[in-house]
Amino acid sequence: MCLFCKIVNKEIPANIVLENKNFLAFHDINPKAPVHILTIPKLHVDSFNEVTGETMAGMTAFIQELVKEVEIDTSGYRVISNVGDNGGQEVKHLHFHILGGAKLKWDHFSDADPKDFL
Ligand code: 5GP
Ligand code: ZN
């Protein structure tokens with residue numbers, strides 16, 4: 001069973017922010033912003049490559065509820081899902097990083113020179 005499935009099953013503790021029948025939101029153990037919450041479907045999905053539109057519809061409503069709950073909906077936030085090797089995905093259970101609570105940086109994401117790809 002994967003790490004996040006163990007969190008869903010309460011075999012590993014997590015600091016849960018919001019939960020419903022199908023989705024779970026908990027604080028990232030290694031926060032990269034004042035607010036750094038992970039949202040996951042309770043049913044295991046490897047990555048964004050495999051997720052269905054139906055699950056994404058539920059995830060969208062869940063994230064919208066979460067950002068209101070933690071009061072970052074008007075100040076702003078970022079939603080990120082890392083996919084695969086180049087995306088830097090470490091945990092192979094679909095998750096969305098919800099980052100906020102301060103002005104976020106927006107910088108080069110790779111050492112490759114973007115001009116080389118124009
Ligand atoms: P990824 O790199 O796969 O997009 O993100 C995985 C995230 O899970 C990382 O930000 C990492 O800090 C977080 N993480 C890894 N292990 C745990 C854990 O046991 N508990 C919690 N709450 N977060 C974790
Ligand atoms: Zn899983």
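Modeller: A polar contact is a pair of N or O atoms within 3.5 Å; within protein, one atom must be able to donate a hydrogen and the other to accept it, and sequence neighbours count only through side-chain atoms on both sides. The model is predicted, so local features need pLDDT of at least 70 and side-chain atom pairs pLDDT 80 or more, while totals for chains, interfaces and linings use all residues. Residues are numbered from 1 along each chain as its sequence is written, chains are lettered from A and ligands numbered from 1 in the order written, and side-chain values use heavy atoms, without hydrogens and water.

Colleague: Which residue has a backbone N or O atom 3.1 Å from an oxygen atom of ligand 1?

Modeller: Two other contacts frame the answer: a polar side-chain atom of Asp28 lies 2.5 Å from a ligand oxygen, and a polar backbone atom of Ile29 is 3.3 Å from a ligand nitrogen. The backbone atom at 3.1 Å from a ligand oxygen belongs to Gly88.

Colleague: How much of the area that ligand 1 exposes when taken alone does the protein bury?

Modeller: Accessible area comes from the Shrake-Rupley method with a 1.4 Å probe. Ligand 1 taken alone exposes 520 Å², and the share of this that the protein buries is 85%.

Colleague: Which element gives the most residues to the shell around ligand 1?

Modeller: The ligand has 16 residues around it (each with a heavy atom within 4 Å), and those coming nearest are Asp28, Asn82, Glu90, His95 and His97. By class, the shell divides into 7 nonpolar, 7 polar and 2 charged residues, with Gly counted as polar. Among DSSP runs (helices H or I of at least four residues, strands E of at least two), α1 (3-8) and β2 (23-27) each supply at least two shell residues. With 3 residues, the element that gives the most is α1.

Colleague: What is the volume of the largest pocket, where ligand 1 sits?

Modeller: A pocket here is an open set of points on a 1 Å grid over the protein atoms alone, where a 1.4 Å probe fits with protein on both sides within 12 Å along at least five of seven lines; lining residues have an atom within 4 Å of a point. Ligand 1 sits in the largest pocket (more than half of its atoms lie within 2 Å of the grid points). This pocket is lined by 35 residues, with Asp28, Lys32, His36, Asn82 and His97 nearest its centre, and the lining divides into 18 nonpolar, 10 polar and 7 charged. Its volume, the space filled by probe spheres set on the points, is about 930 Å³.

Colleague: Where is Glu71, a residue with positive phi although not a glycine?

Modeller: Lys10, also not a glycine, has a positive phi of about 60 degrees and is found in the loop between α1 and β1 (16-19). Glu71 has a positive phi of about 60 degrees, and its place is the loop between α2 (53-69) and β4.
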